[in-house]
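Welcome! Please have a look at the sequence and the 3D structure below, and then let us walk through some of their features together.

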Amino acid sequence: MERCIDGVCSGIFGSAVFSDTVMQERLPKPIYKKLKKTIKEGLPLDPEVAEVVACVMKDWAVEIGATHFTHWFQPLTGVTAEKHDSFLTPTGDGKAIMEFSGKELIKGEPDASSFPSGGLRATFEARGYTAWDCTSPAFVKDKTLYIPTAFCSYNGEALDLKTPLLRSMEALSKQAIRILRLFGDTTTKRVVTTLGPEQEYFLVDKELFMKRKDLIYTGRTLFGAKPPKGQELEDHYFGILKEKVSRFMHDLDEELWKLGVSAKTKHNEVAPAQHELAPMFATTNIATDHNQLTMEIMKKVADRHGLACLLHEKPFAGVNGSGKHNNWSISTDDGRNLLDPGTTPLDNAQFLIFLVAVIKAVDEYADLLRFSVATAGNDHRLGANEAPPAIMSIFLGDELTSVIEQIETGVVKNNGTSRTLEIGVSTLPVLPKDNTDRNRTSPFAFTGNKFEFRSVGSSQSIATPNFIINTIVAEALSQIADRLENAGDFRAEVNAVVKEIISKHKRIIFNGNNYSEEWVAEAERRGLPNLRTTVDAIPALIAEKNIRVLEKHGVLNRAEIYSRYEICLENYIKTIRIEALTMIEMASRQILPATLSYVRKVADTVASLRAADADYSCVKEELDELVTLTSGLKAAIDKLDQKIKEADASEGDSLSHARAYKDVIIPQMNELRAVADRLETIVDASLWPIPTYGDLLFGV
Ligand code: ADP
Ligand code: MG
């Protein structure tokens, strides 16, 4: 669902996109019609259509400067991948022509055997295939035609993030249509999920960035004492944009608009140097592609402006980290939002069915939802009083919660008189679309006509959280449809289903402060899972009930699930290992030498004072502390090094390996950091080898 931005930029917007308008202008009418039908109904593409589309697409791309094409895909590394092929085909007479066939458009065979497959591909069939996702438009960037694709193995197993997302959209469409038919909708052919991901990020000075190995290798600072000023004055949030930042944002908007990404809102965020960009929502798979593009272009444009863009969930300790608010809804192919309450009793009844389906889904699969945002980076954020906790719950707001309660009891409480609130007969009270005092601490908040999943990490692909949400909601809808389709009295059954789901799953609804200690205790009483870390959350993926739901809806099969499980654990281990090794390198080759220079300086001072018969006691005190800390630093480095060796040498499966990293390596990293950060506050600033938090956070 493409939206256009009006105004001055409308000329730029989508100028590098093989958009609907371009297709309509350039494709022969029958071909255009067939392609549109394929896209709208999610059908397989006719090879003859592909042949024509390829040719027209190539001509268009060449006209705007493209010389190459690439099948653009999203392997399980979480970042996008591409291999460029030239359109040039030698003709044998020393000349060449520009060619691009339907086959090349539909299917690619990158020799992509080095991408993680979690054991899905044996070496002899290492080849992966990419297949055009014709529901997401192609575009030209850096003289290359980008074709959004899904990436599968020889046997059709998903090797990427896009495939399960597309499958889950299919599953949800199928089940949602069953519900729509029950409510008398005979025309809707396809239901899609819509998505507006708000992207948070940090900008720091590029030169300073280049002086920090931790930022270069891991995307976050592994050392750094707290500066005198952080975010306590709250003077950055929504504050005036600095000129350099503003220039960056303008440039970024323009680059994104060209690619059809409808970047809409931009502002400063809570932490110093932190910002946010929100696009207009789009169909989930397109929004996912666009979010990947957004992250990539942010980095590129930042570089051009002498800045570095940090997308890590927690680049700096002590100030807020970054997330991605995943605004999600369900819509018919003609743009009717199914999470919009509506004004007639019938609309309300249908709305309530979709609403309770989400409630049921989140309660039954809270663990799977938690898994979908589990990464080493996000562990620093979730539950750290700046982002929702690891406990999944839903915020409905007071009005809707009261409606839900009234439905459950069957009695309308207000107005003195009590009457029955019967779904499908009574109209719901008008619900404010944007509740201004809405709860920012909730992981999964209803915001008037959509849900906002706030636990998603800033650097992660939004494909995983969304294929999980789509799948679990599809399952809830399918169970509801099973019942309603067999009901004698439809209206009575709708009432019964909604009531039952509310009674059974209301424990997942929580409108209070999710950051509080009381909620942790309360959630435990309610029996809600609290999977605190990534390592606790990953096994949820292979819980039997979760395998069952993913298999049932054809989103992932058992082998694909196990491969993802392995890859997630490996990613975790690798991430922490790189961080630990980076710490060792920085501590032993930068911090320790700097500290030793300072120790010598102070020791020399002590010696000179003593020789001059002056009072050297306070300098001696400083020297003693320095020597103690320096020995502590050295010991902590050696200990971390030793522990990594032990963790890697220990026998056991990936899960126990990951546990060792969480339980042994991370605490040791914290110990090393504590000593180094203390030293930073004592050592001569001119000797300190890396830019400080103050430099980075206030340096732009
Ligand atoms: P906030 O107040 O949380 O900063 P907004 O209300 O401005 O956010 O909207 C945030 C995001 O929600 C935007 O990207 C917007 O496009 C998206 N959004 C709005 N409606 C829908 C919808 N029906 N489906 C998905 N996303 C939506
Ligand atoms: Mg938001």
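## Helices α5 and α10

The crossing of α5 and α10 is right-handed. Residues Ala176, Ile179 and Leu180 of α5 make this contact with Gln350, Ile353 and Phe354 of α10. As you explore, keep in mind that this is a predicted model.

How do the axes of the two helices meet? Helix α5 covers residues 162-182, and its axis comes within 11 Å of the axis of α10, crossing at roughly 155°. The two helices are therefore roughly antiparallel to each other, since angles over 145 degrees count that way.

## Helices α10 and α14

Helix α10 (residues 345-364) also packs with helix α14 (residues 490-505), here at an angle of about 30° and with the axes 10 Å apart. That angle makes α10 roughly parallel to α14, because the cut-off for roughly parallel is under 35 degrees. The crossing of α10 and α14 is left-handed.

Which residues meet here? On the α10 side they are Ala349, Leu352, Ile353, Val356, Ile359, Lys360, Asp363 and Glu364. On the α14 side you will find Val494, Val497, Val498, Ile501, Ile502, Lys504 and His505. Ile353 of α10 is a good residue to look for, as it is part of this contact and also of the contact with α5.

## Helices α12 and α14

Helix α14 has another partner to visit: helix α12 (residues 397-409), which packs with α14 at an angle of about 115°, with their axes 9 Å apart. These two helices are therefore roughly perpendicular to each other. Their crossing is left-handed. In α12, Ile404, Ile407 and Glu408 meet Val498, Lys499, Ile502 and Ser503 in α14. Val498 and Ile502 of α14 take part here, and both also meet residues of α10.

Now for α12 itself. Its 13 residues reach 18 Å from the first C-alpha to the last, close to the 18 Å expected at 1.5 Å a residue. Which residues of α12 are buried? They are Gly397, Leu400, Thr401, Val403, Ile404, Gln406 and Ile407. Ile404 and Ile407 are thus both buried and in contact with α14. Following α12 comes Gly410, with a positive phi near 80°.

## Helix α9

Helix α9 runs over residues 284-304. From its first C-alpha to its last, this helix of 21 residues reaches 30 Å, close to the 30 Å expected at 1.5 Å a residue.

Is α9 mostly covered or mostly uncovered? It is mostly covered, with 16 of its 21 residues buried. After α9 comes Gly306, and the phi of this glycine is positive, near 70°.

## The magnesium site

Let us turn to the metal. Which residues provide the protein donors of the magnesium ion (ligand 2)? Glu198 gives two entries in the donor list, both OE, while His325 contributes ND1 and Glu452 contributes OE. These donors lie 2.0 to 2.7 Å from the ion.

Along the chain, the donors follow the spacing E-x126-H-x126-E. Distant parts of the chain are linked here: Glu198 belongs to strand β9 (residues 191-205) and His325 to strand β14 (residues 324-332), 127 residues apart. Both Glu198 and His325 are buried.

## Loops worth a visit

Two loop residues share a backbone feature. Ala273 has a phi near 70°, a positive value in a residue other than glycine. Its loop joins β10 (263-268) and β11 (274-279). With a relative accessibility of 9%, Ala273 counts as buried.

Asp613 likewise has a positive phi, near 65°, without being a glycine. The loop that holds Asp613 lies between α18 (558-611) and α19 (617-649). Is Asp613 buried or exposed? At 73% relative accessibility, Asp613 counts as exposed. From Asp613 to Pro443 is 170 residues in sequence and 65 Å in space, C-alpha to C-alpha.

Finally, Asp142 sits in the loop between β7 (139-141) and β8 (144-153). Its relative accessibility is 49%, so Asp142 counts as partly exposed. His68 and Asp142 are 74 residues apart in sequence, while their C-alpha atoms are 9.3 Å apart in space.

Terms used: Residues are numbered from 1 along each chain as its sequence is written. Chains are lettered from A and ligands numbered from 1 in the order in which they are written. This is a predicted model: local features need pLDDT of at least 70, side-chain atom pairs count only at pLDDT 80 or more; totals for chains, interfaces and linings use all residues. Side-chain values use heavy atoms; hydrogens and water are left out. Donors are N, O and S atoms within 2.8 Å of the metal (3.2 Å for Na, K and Ca); water is not among the atoms, so sites may look incomplete. Helices (H or I, at least four residues) and strands (E, at least two) are DSSP runs, numbered from the N terminus. Buried means under 20% relative accessible area, exposed over 50%, partly exposed in between (1.4 Å probe, protein chains only). The expected span of a helix is 1.5 Å times one less than its number of residues. Axes are lines fitted to C-alpha atoms, for helices over the stretch in contact, and angles run from 0 to 180 degrees between N-to-C directions. Angles under 35 degrees count as roughly parallel, over 145 as roughly antiparallel, 65 to 115 as roughly perpendicular and the rest as oblique. A crossing is left-handed if the near helix is turned anticlockwise from the far one by less than a right angle, and right-handed if clockwise. Contact means heavy atoms within 4.5 Å.
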